[in-house]
Amino acid sequence: MRPQEIADRLEIGDVLARYTHAIDTGDWGRLDLVFTPDAVIDYTAAGGIKGTRDEVRAWLAEVLSQWPGRQHLIGTTAVRFEGEEALVTASFTDTLAPSREMVAADAAGFVRGGGWYHHRMIRTMYGWRSRELVEEQAWRTVQ
């Protein structure tokens, strides 16, 4: 692997980490450091919407307020470079909890799931950014 490819892979990993941190903390402005302004984000496989970065940001802020306890974990990541683009597939698991306080594990309101995030990333003057995200749901449980 060339040094530039190693650096690109590390930076792409940082973009994925910024994404999960933004979602889990509700720091919706941080999504500007993940997605291009014209990005298309597709959560339809999980029952969500497909829209632009700004449309999805507003939708996330509204919908995820129901689950103040949120945690996403990124697992295995595959990156394929095509010129100045990178096709990135990252496995994930997520938990949405009805509270940030301690509650019983069988309490109502928990949503857990997993699958893959498929990003089409481009190199911008600000670094790597996702211009397309498609969530692929593998499993989901609701209590």
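In this predicted model, E85 has a relative accessible area of 18% and is therefore buried, the cut-off for burial being under 20%. E85 takes part in a salt bridge with R131, in which the closest N and O atoms lie 3.1 Å apart. The two residues belong to distant parts of the chain: E85 is in strand β4 and R131 in strand β6, 46 residues apart. R131 has a relative accessibility of 36% and so counts as partly exposed.

Strands β4 and β6 are also linked by the pair of D94 and R140, with D94 in β4 and R140 in β6. This salt bridge has its closest N and O atoms 3.1 Å apart, and its partners are separated by 46 residues along the chain. D94 is buried, at 7% relative accessibility, whereas R140 is partly exposed, at 31%.

A further salt bridge joins R123 to D8, with 2.9 Å between the closest N and O atoms. Here strand β5, which holds R123, is connected to helix α1, which holds D8, across 115 residues of the chain. R123 is partly exposed, with a relative accessible area of 32%. D8 has a relative accessible area of 3% and is therefore buried. The side chain of D8 also makes a polar contact of 3.2 Å with the side chain of W128. When residues up to four places away in sequence are set aside, D8 touches F81, R123 and W128.

Across the whole structure, twelve salt bridges are found. Apart from the pairs described above, D32, R53, D54 and R57 are linked in a salt-bridge network.

The largest nonpolar core comprises 28 residues. Those with the most contacts inside this core are Y19, I23, L31, F35, Y43, L60 and M121. At least two core residues are supplied by each of α1, β1 (35-42), α2 (53-63), β4 (85-97), β5 (111-124) and β6 (127-142). Helix α1 provides the largest share, with six residues. F35, one of the residues with the most contacts inside the core, touches Y19, I41, R53, H119, R129, S130 and L133, not counting residues up to four places away in sequence. Among these partners, Y19 is likewise listed with the most contacts in the core, and R53 belongs to the salt-bridge network with D32, D54 and R57.

Helix α1 spans residues 3-25 and contains D8 as well as I6. The accessibility of I6 is 40%, so that I6 counts as partly exposed. Together with M1 and L10, I6 forms a nonpolar patch on the surface. The accessible area of the three residues together is about 350 Å². Helix α1 thus supplies residues to the largest nonpolar core, while I6 of this helix belongs to a surface patch.

A105 is placed in the loop between β4 and β5. With a relative accessible area of 59%, A105 is exposed, as the value is over 50%. Leaving aside neighbours within four places in sequence, A105 is in contact with F110, R112 and Q143. Of these partners, Q143 is 38 residues from A105 along the chain, and the C-alpha atoms of the two residues are separated by 9.5 Å.

Technical notes. Residues are numbered from 1 along each chain as its sequence is written. This is a predicted model: local features need pLDDT of at least 70, side-chain atom pairs count only at pLDDT 80 or more; totals for chains, interfaces and linings use all residues. Side-chain values use heavy atoms; hydrogens and water are left out. Helices (H or I, at least four residues) and strands (E, at least two) are DSSP runs, numbered from the N terminus. A polar contact is a pair of N or O atoms within 3.5 Å; within protein, one must be able to donate a hydrogen and the other to accept it, and residues adjacent in sequence count only if both atoms are side-chain atoms. Contact means heavy atoms within 4.5 Å. A nonpolar core is a set of buried Ala, Val, Leu, Ile, Met, Phe, Trp, Tyr and Cys residues joined through side-chain atoms within 4.5 Å. Buried means under 20% relative accessible area, exposed over 50%, partly exposed in between (1.4 Å probe, protein chains only). Patches are made of residues with over 30% relative accessible area and no salt bridge: like charges are joined within 9 Å, nonpolar side chains (Val, Leu, Ile, Met, Phe, Trp, Tyr) within 5 Å. Accessible areas come from the Shrake-Rupley method with a 1.4 Å probe; for residues, only the protein chains shown count as cover. A salt bridge is a side-chain nitrogen of Lys or Arg within 4 Å of a carboxyl oxygen of Asp or Glu.
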